[in-house]
Amino acid sequence: MLFLNIYTSGISKELFFNNKKASMIEKCRLASLEIASLDALNKNTVAAAVSEFENFNVTRLIITDSSGKAIYDSQPNYTDATYYTIFPEIIAALNANDVFYWKVENGAMLSRAATPVYAYDTLIGCVYMTEHDSVQGTLISTLQYSMLGITAALEVLVILFSIFFSNTYSRRMRKIMSSIRTVRTGDYSHKLKISGNDELNSLSNEFNDLIDRLQTSENKRSQFVSDASHELKTPLASIKLLSDSILQNNMDITTIKEFVGDIGKEADRLNRMSQKLLSLSKTEIQTECSREISYIAPIIERVIRMLSENARNNNISIIKNLDSDCPIQIPEDDLSQIIFNLLENGIKYNRKNGKLEIILRQVDGNAILTIIDTGIGIPEEALSHIFERFYRVDKARSRSTGGSGLGLSIVRNMVEKNKGKISVSSTVGVGTTFTLSFPIFYAEEDTK
Ligand code: ATP
Ligand code: MG
């Protein structure tokens with residue numbers, strides 16, 4: 001602010017200074033030329049020449065010789081005096097400089113100028129002038145006061161604006177802080193409303209977006225907990241019922257063995273479910289992409305061997321059509337789980353004497369794995385839900401086959417985590433086709 005004041009009053013002064021300097025130096029030079037043209041430099045010749053400059057309207061005019069002795073002085077008291085001048089401007093002019101000095105004092109502009117006088121390149125004296133200009137002085141003072149007034153008004157405006165701005169800003173910041181505290185207590189329905197169109201407004205939009213996401217993940221989490229406890233409750237209730245029956249009834253050893261066998265099956269189901277839940281939460285936590293390379297065909301062969309007993313029990317024939325060279329970037333355990341879950345479903349939800357066809361091909365840099373079964377199929381309205389946790393099309397049938405509804409959600413998580421894609425198509429009573437696609441891994445990618 002102070003700088004602005006100094007700067008604006010400086011500009012106005014500079015403007016007057018330049019004009020005055022130019023006009024005074026010009027007058028001095030004209031006088032110098034006139035003096036230089038004189039044949040002799042004495043009181044009479046100079047006085048005669050000076051009469052030519054009357055229209056210069058200067059306050060005081062002094063002409064000196066080269067030693068600084070005054071030859072002419074327009075001041076009445078000094079007109080006839082012969083003295084040595086010691087004004088700094090005269091000393092500087094006798095040192096071959098054009099000099100100008102000015103100041104504003106008591107509302108008047110006081111200016112002094114001096115230039116050397118040369119005759120045939122020899123310095124023979126100097127011309128010194130002073131002016132006392134009250135009109136210009138008043139003008140400068142008025143201008144300076146106006147400038148001061150304007151800048152002072154501007155300063156006040158800036159201060160008022162800063163106070164207003166900082167108040168508004170801190171009020172909005174307090175609102176954000178209070179919203180953060182509200183959300184910290186668990187109220188995800190809270191919405192932050194910040195007016196305006198600035199960074200704070202963008203921040204509030206981001207904040208609301210974040211809260212929405214928190215709300216969604218909180219809903220999913222509680223849904224998962226309630227689904228999981230519901231799923232775990234059923235086998236636990238069966239175990240309780242079966243063991244109570246053994247304790248309360250007098251059973252023969254064969255029935256007891258049967259009941260204990262059922263308890264074992266329920267325990268197996270619980271075991272499988274807890275393993276799948278663990279595997280699911282592990283894939284949801286892991287975000288980092290693996291650098292392990294796996295070949296699909298040998299893993300398919302191994303999974304088929306593992307499931308051959310299931311296929312034989314249902315008389316399902318497995319047809320393979322495998323391209324042996326399909327390296328993809330995925331941990332072997334993940335790939336093995338994906339294939340196991342899909343083939344297990346293909347056998348479990350097939351009909352007696354059905355077929356399960358597995359085709360592996362390379363298409364446009366991708367490994368395409370297609371699993372086609374001739375099973376019960378999935379109704380269209382269920383297709384979009386089969387990858388959800390605990391979802392089963394036919395709950396009773398799935399439970400009887402030991403299904404927990406977790407297999408496909410694990411598959412989808414693992415496929416997507418490893419840059420793959422999965423899709424499904426199905427016709428009820430005809431069969432289901434799952435198609436997986438993974439980018440083929442080329443050796444040079446590793447060196448990048
Ligand atoms: P889990 O795999 O956890 O042991 P599950 O097989 O019931 O249990 P998912 O593999 O997630 O669970 O499958 C979800 C549901 O989708 C199944 O319950 C079944 O109803 C349906 N489904 C999955 N694959 C097929 C298929 N090939 N044919 C017909 N229905 C299928
Ligand atoms: Mg399954």
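Let's start where domain 2 and domain 3 come together: in this predicted model, the area buried between them is about 1400 Å². Carbon and sulfur atoms give 58% of that area. On the domain 2 side, the elements that put in two or more residues are α5 (199-248) and α6 (253-285). Of these, α6 gives the most, with nine residues. Sorted by class, the side of domain 2 that touches domain 3 has seven charged, five nonpolar and three polar residues.

How many salt bridges does the rule find across the interface of domain 2 and domain 3? Zero. For polar contacts across that interface, the rule finds one residue pair. If you count residues in contact, 15 from domain 2 meet 17 from domain 3. The centres of domain 2 and domain 3, taken over C-alpha atoms, are 24 Å apart.

Now step back to the whole chain. The protein chain is split into three pieces: domain 1 covers 2-142, domain 2 covers 188-285 and domain 3 covers 293-439.

Next up is ligand 1. It has 21 residues around it, and the closest are K276, N345, D373, S404 and L408. Going by the domain bounds, K276 falls in domain 2, while N345, D373, S404 and L408 fall in domain 3. Here are some of the polar atom pairs between protein and ligand 1:

| Residue | Protein atom | Ligand 1 atom | Distance |
|---|---|---|---|
| D373 | polar side-chain atom | nitrogen | 2.9 Å |
| V393 | backbone N or O atom | oxygen | 3.0 Å |
| S404 | polar side-chain atom | oxygen | 2.7 Å |

So what does the protein atom belong to in each pair? D373 uses a polar side-chain atom, and S404 does too, whereas V393 uses a backbone N or O atom.

Finally, salt bridges. Side chains of opposite charge can pair when their charged atoms come close. By the rule used here, the count comes to 17 salt bridges. One of them joins the side chains of D73 and R60, with 2.6 Å from N to O. D73 sits in strand β2 (residues 70-73) and R60 in strand β1 (residues 60-65), so this pair ties together parts that are 13 residues apart in sequence.

How values were computed. Residues numbered from 1 in each chain as written. Chains lettered and ligands numbered in written order. Predicted model: local features only at pLDDT ≥ 70, side-chain atom pairs only at ≥ 80, totals over all residues. Heavy atoms only, no water. Domains from an automatic or database assignment. Contact = heavy atoms within 4.5 Å. Buried area = accessible area lost by both parts, 1.4 Å probe. Salt bridge = Lys/Arg side-chain N within 4 Å of Asp/Glu carboxyl O. Polar contact = N/O pair within 3.5 Å; in protein donor to acceptor, adjacent residues only side chain to side chain. Helix = DSSP H or I, 4+ residues; strand = E, 2+ residues; numbered from the N terminus. Nonpolar A, V, L, I, M, F, W, Y, C, P; charged D, E, K, R; others polar. Near = heavy atom within 4 Å.
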